[in-house]
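What follows is a report for a reader who has not met this structure before. It goes through the sheet, the helices and the core in turn.

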Amino acid sequence: MTVAVKDNICTKSMPTTCSSAMLRDFRSPFDATVVQLLNDSGATIIGKANCDEFGMGSLNVHSIHGPVVNPHQHPSSALDWPVRERRSAGGSSGGSAAAVAAGMCSAALATDTGGSVRLPASYCGVVGLKPSYGLISRRGIYDHLQRWGVVSFADSLDCVGIIGKDVISASQVLDVLSVFDERDPTAARPLTRERAQELCSEHMAEWASLPSGDFTKLRIGIPQEYFPVSLDSSIVSPFRRVVRALKDRGATVLPVSLPNTSYALSAYYVIASAEASSNLARYDGVQYGLRVPLPPDSVTKSPGEAYSHSRTAGFGAEVKRRILLGTYALTADAFDNYFLQAQRLRQCIRDDFMRVFRVPNPLARSATPNVAGVHVLLHPSAVRTAPFLDEQDGLDAYTQDVLTVPASLAGLPALSLPMAVDAGGDGWPLGVSVVGQWGCEKMILTVGSTIE
Ligand code: GLN
């Protein structure tokens, strides 16, 4: 299998720049566990994929390598590059999704902190899987030297995700990567994995054991909060078609409510920025990252001045914005009102999901199954098709993640698949997402393969 690797995942044989001037010359002395696992299983790593700087962005426009142009060929247009529409491939893993969509490889490794696998997959018309938090190794800090496997953005949210040309390719890569890595401090323990698998299989047996294609016992929830006013109207009918096809096979489709969804975006941007500001503090131009010496005539020559000189040159505008936002949220004055509130909301969002799932949470001590609950949730992956590259405004990019961040905050697995688009739309790809209980990757992939 040919695989591309997002440029925030360490590779020994190729540079790892995180699309940042700060790491322009960085070469990792080791492969991330995920890369090593792929190599060991015989995959061919074809190259590193562009991304937003340190994974911060939704459109892959914040990169020292330039923006990623969506390779989708508009069906009604005979125009060839460079005349055809320049649309975003989505971010932050735009390069990974574009490489798969352009047929350069059958799968790509990427990271998903708040939607960076699912959003590009939706915009480029490929499959994107964000696994449960802690399932795939990020090989974090494993000794006093703080080496990385995957370069941290926001540790409590970061997941390695997979982009594939179809559900089978994504599942094959997942099988190789989904192993316990004792060097990753946030990896789910083997017992937790076993328990999750048992619960998932037990609940899949309720419907997947019937003759193939018969979904009479499958219960699917449609979260009513996932249809915000910003949702483009052209998404509704392709989504309805997906629902109808599942109903035709016997699935029970129910409306469900996740009432705290509207707070997810604000909570996410506070938490992710706070963690990023702390993580990125290590790039001081002394221990890590680009070093830009102070001019010889500089007056103070204090260490602070030297750090800020290197950091000013090394980080791009979006990363600086996040560092400022996150540092502010962590200051004594703002901590209670921003960071703590965001953590409380995160818990409410997690509780919302746990209330609607039929499969109990394998991470909880005592878990009673919810017989009235649903096996999986289904919703559009994004509020629109790929935006044009040339008309971007900052906050608009943040709102692209509105449908992907809740599953990230709750650490749940989510799969985005392309939907068949109709003539009423603009001819660009759209994704539909299947979200499941923690550890229920097999379940969402099985449901996904029937939608595909
Ligand atoms: N777009 C989100 C952000 O900029 C998510 C990024 C990601 O998942 N890496 O934070």
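## Sheet, helices and core

In this predicted model, strand β1 (residues 2-6) and strand β2 run parallel and are joined by 5 bridges. Within that pairing, Val3 of β1 stands opposite Ile45 in β2.

These two strands belong to an open sheet of 10 strands with mixed pairing, whose order is β2-β1-β3-β5-β4-β9-β10-β8-β6-β7. At the edges stand β2 (44-49) and β7 (252-256), and because each has a single partner strand, one side of each is left without a neighbour in the sheet. From one strand to the next, the twist averages 25°.

Further along the sheet, strand β10 (residues 430-435) is paired with β8 and with β9. The table sets out these pairings together with that of β1 and β2.

| Strand | Partner | Direction | Bridges | Residues standing opposite |
|---|---|---|---|---|
| β1 (residues 2-6) | β2 | parallel | 5 bridges | Val3 and Ile45 |
| β8 (residues 376-380) | β10 | antiparallel | 4 bridges | Pro380 and Val432 |
| β9 (residues 414-419) | β10 | antiparallel | 6 bridges | Leu415 and Val434 |

How many of the residues of strand β10 are buried? The count is 6 of the 6, so β10 is largely enclosed by the rest of the structure. Leu430, Val432 and Val434 point one way from the strand, while Gly431, Ser433 and Val435 point the other way, and all of them are buried.

Two helices lie across part of the sheet. Helix α1 (residues 33-40) lies across β1, β2, β3 (107-112) and β5 (159-164), and runs at about 150° to β2. Helix α2 (residues 94-101) lies across β1, β2, β3, β4 (127-130) and β5, and its direction is at about 160° to β3.

The largest nonpolar core holds 122 residues, of which Ala108, Ile163 and Val376 touch the most other members. The element that gives the most to this core is helix α7 (residues 264-279), with 9 residues. Val376 falls within the residue range of strand β8 (residues 376-380), and, leaving aside its neighbours within four places in sequence, Val376 is in contact with Ile220, Val434, Val435, Gly436, Met443, Ile444 and Val447. Two of these partners, Val434 and Val435, are among the buried residues of β10.

Two packed helices are described by the angle between their axes and the distance between the axes. The axes of α7 and helix α9 (residues 317-329) come within 7 Å and cross at roughly 100°, which means that α7 is roughly perpendicular to α9. On the side of α7 the contact is made by Val270, Ser273, Ala274, Ala276 and Ser277, and on the side of α9 by Arg322, Ile323, Leu325, Gly326, Thr327 and Ala329. The residues of this contact divide into 6 nonpolar, 4 polar and 1 charged.

Asn260 lies in the loop between β7 and α7. Is this residue of the loop, Asn260, buried or exposed? With 20 other C-beta atoms within 10 Å, Asn260 is buried, because a residue counts as buried when 20 or more lie within that distance. Leaving aside its neighbours within four places in sequence, Asn260 is in contact with Leu345, Cys348, Ile349 and Asp352. Asn260 and Gly47 are 213 residues apart in sequence and, C-alpha to C-alpha, 40 Å apart in space.

Methods: Residues are numbered from 1 along each chain as its sequence is written. This is a predicted model: local features need pLDDT of at least 70, side-chain atom pairs count only at pLDDT 80 or more; totals for chains, interfaces and linings use all residues. A nonpolar core is a set of buried Ala, Val, Leu, Ile, Met, Phe, Trp, Tyr and Cys residues joined through C-beta atoms within 7 Å. A residue is buried if 20 or more other C-beta atoms lie within 10 Å of its own, exposed if 12 or fewer, and partly exposed in between; C-beta atoms are placed from the backbone. Two residues are in contact if their C-beta atoms, placed from the backbone, lie within 7 Å. Two strands pair if DSSP finds at least two bridges between them. Axes are lines fitted to C-alpha atoms, for helices over the stretch in contact, and angles run from 0 to 180 degrees between N-to-C directions. Angles under 35 degrees count as roughly parallel, over 145 as roughly antiparallel, 65 to 115 as roughly perpendicular and the rest as oblique. Ala, Val, Leu, Ile, Met, Phe, Trp, Tyr, Cys and Pro count as nonpolar, Asp, Glu, Lys and Arg as charged, and the others, Gly among them, as polar.
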